[in-house]
Amino acid sequence: MEITDKFDSFNEAVEYVFNIPKFTAKNDLETTGEFYEYLGCPGERIKTVHVAGTNGKGSTCNYLSDILKGHGYSVGFFSSPHLVSVCERFRINDVLMSEAEFVSSLESVMKKVCEWRRSGRDYHPTFFEILFFMGMIWFEANTPDYIILETGLGGRLDATNIVKKPELTVITRIGLDHTEYLGDTIEQIAGEKAGIIKPGVPLVYWNTNDTTDSVFEKRAAECGAKTLRVGYGDIDNIRQNEKSIDFCLTYGYDKNGFGRKMQIKLPTVALYQTENASLALNASHMLLGTSLNEKDSAECLWCSFWEGRMQEIRPGFYVDGAHNRNGTEAFLDTLKDMNVKGATLLFGANKDKDYAPMIKMLAESGFFTETVVTTLEGTRSQKAEVLRDEFIRCGMMNVTVTDSVSQAFEMLYDSGKLIFAAGSLYLVGEILEETR
């Protein structure tokens with residue numbers, strides 16, 4: 001594909017970006033950082049919060065963004081992946097980057113790429129790098145008070161890690177995912193996530209287990225970074241209602257170990273969002289200190305919404321982004337508290353995901369009396385027939401194969417059944433696109 005810095009339309013620009021993986025290999029972080037400097041380090045002067053983790057990154061970022069906005073700050077948010085439109089990856093105060101801004105941001109990056117290549121540097125940003133650079137250029141032009149950066153993969157070698165001095169780092173729950181890149185043990189994966197910890201920059205992290213805690217605390221000590229561990233020991237009186245969850249959070253511990261208690265209500269049935277909201281509230285307190293307003297924060301959390309996380313798209317039809325073992329476990333914990341019985345599962349997954357353990361957990365959960373498997377769009381998708389065979393191997397015999405998400409959606413949407421869709425955020429995105 002010809003390398004260019006001119007695009008006649010949004011569709012042409014999107015096509016170029018999505019074809020990048022066909023002709024680029026991963027760049028080392030040093031080269032990525034050098035090109036960022038060549039761009040002029042856009043966004044570097046804006047206060048930044050850097051977020052890594054296996055599960056819950058997007059939700060935690062969104063809760064944090066909403067709390068900061070509720071305190072009068074403008075907030076830029078770079079996230080991945082998107083569900084329907086690539087413009088979802090860039091937002092300021094919930095306003096997405098426009099298609100025209102997408103084109104102009106891409107042209108700004110590619111102009112510098114072409115310049116650098118003419119100077120003798122054999123470099124082209126990867127798919128994720130170019131989106132990250134586009135986001136930082138856009139944020140620089142619009143000057144929000146804060147930028148929240150969600151890592152793409154890992155942390156230590158992620159393109160977002162070229163930001164040298166964030167205001168705060170946050171690490172969400174850790175689990176086994178992307179093991180071919182990050183390591184096949186929790187300790188190795190935690191080490192990769194800990195790579196975002198910077199000298200003198202405070203860290204707020206979720207208490208996944210003692211092993212991950214030890215990795216984070218050791219790295220933070222090496223960096224002279226203050227840490228705050230958040231866990232279920234800080235959460236009391238969880239009450240799941242039909243459409244919401246209430247709980248009490250102890251936060252803002254002082255040097256004597258005393259914290260403040262705050263009642264929080266979330267407009268979701270997803271139990272796992274209690275931990276993401278708790279992380280966000282503690283991160284907000286770390287940023288704002290005594291100026292954090294509990295009433296405003298509680299109202300922001302009650303109004304906060306992040307698509308694709310136990311989202312009810314019609315009465316009794318839920319979509320959830322569970323796409324790895326930890327996410328599936330959290331998904332099933334929510335179904336247990338919802339007292340689900342006799343439901344239908346809609347499942348799709350990509351080949352590069354470790355979907356077999358997920359299928360085993362789902363098939364043995366007892367929540368589903370039938371499963372519909374489907375093939376997602378794109379070459380990465382695992383074929384529905386392969387998924388069907390895996391469900392049958394795990395004891396789920398009532399399995400229907402569909403050729404596409406569109407076919408599965410048409411079959412199930414008005415069926416009147418209790419339906420849960422899970423397995424991939426790409427599945428969620430295709431379902432949501434069907435509703436628009």
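**View 1. Val-319 sits across from Ala-421 of strand S17.** This is a predicted model, in which local features need pLDDT of at least 70 and side-chain atom pairs count only at pLDDT 80 or more, while totals for chains, interfaces and linings use all residues. Residues are numbered from 1 along each chain as its sequence is written, and side-chain values use heavy atoms, with hydrogens and water left out. The two strands on show are S13 (residues 317–319) and S17 (residues 419–422), paired in the parallel sense over three bridges. For the bookkeeping, strands (E, at least two residues) and helices (H or I, at least four) are DSSP runs numbered from the N terminus, and two strands pair if DSSP finds at least two bridges between them.

**View 2. Zoom out from that pair and you get an open sheet of six strands with mixed pairing.** The order is S12-S13-S17-S14-S15-S16. Strand S12 (311–314) and strand S16 (399–402) are the edges, each pairing on one side only. On average, neighbouring strands here are turned by 25 degrees against each other, direction ignored. Helix H14 (residues 405–412) lies across S12, S13, S14 (343–347), S15 (368–374), S16 and S17, and runs at about 145 degrees to S15. Axes are lines fitted to C-alpha atoms, for helices over the stretch in contact, with angles from 0 to 180 degrees between N-to-C directions.

**View 3. Helices H11 (residues 325–337) and H12 (residues 355–363) pack at about 15 degrees, axes 9 Å apart.** That makes H11 and H12 roughly parallel, a label for angles under 35 degrees (over 145 is roughly antiparallel, 65 to 115 roughly perpendicular, the rest oblique). Arg-325, Thr-328, Glu-329, Phe-331 and Leu-332 of H11 meet Pro-357, Met-358, Met-361 and Leu-362 of H12; contact means heavy atoms within 4.5 Å. The residues of this contact split into six nonpolar, one polar and two charged. Here Ala, Val, Leu, Ile, Met, Phe, Trp, Tyr, Cys and Pro count as nonpolar, Asp, Glu, Lys and Arg as charged, and the others, Gly among them, as polar.

**View 4. Strand S2 (residues 75–78) is covered on both faces.** Val-75 and Phe-77 on one side, and Gly-76 and Phe-78 on the other, are all buried, meaning under 20% relative accessible area (exposed is over 50%, partly exposed in between; 1.4 Å probe, protein chains only). S2 pairs with S5 (residues 146–150) in the parallel sense over four bridges, and Phe-78 has Leu-149 as its bridge partner in S5. With S3 (residues 90–92) the pairing of S2 is antiparallel, over three bridges; there, Phe-77 is matched with Arg-91.

**View 5. The sheet that holds S2 has eight strands, ordered S4-S3-S2-S5-S1-S6-S7-S8.** It is open, and the pairing is mixed. S4 (95–96) and S8 (227–230) are the edge strands, each pairing on one side only. Helix H9 (residues 273–288) packs on the sheet and touches S1, S5, S6, S7 (203–206) and S8, its direction making about 170 degrees with that of S7.

**View 6. Phe-133 belongs to helix H5.** Phe-133 is buried, at a relative accessible area of 0%. Leaving aside neighbours within four places in sequence, its contacts include Thr-32, Phe-35, Tyr-36, Leu-39 and Ile-162. The C-alpha atoms of Phe-133 and Ala-159, 26 residues apart along the chain, are 9.1 Å from each other.
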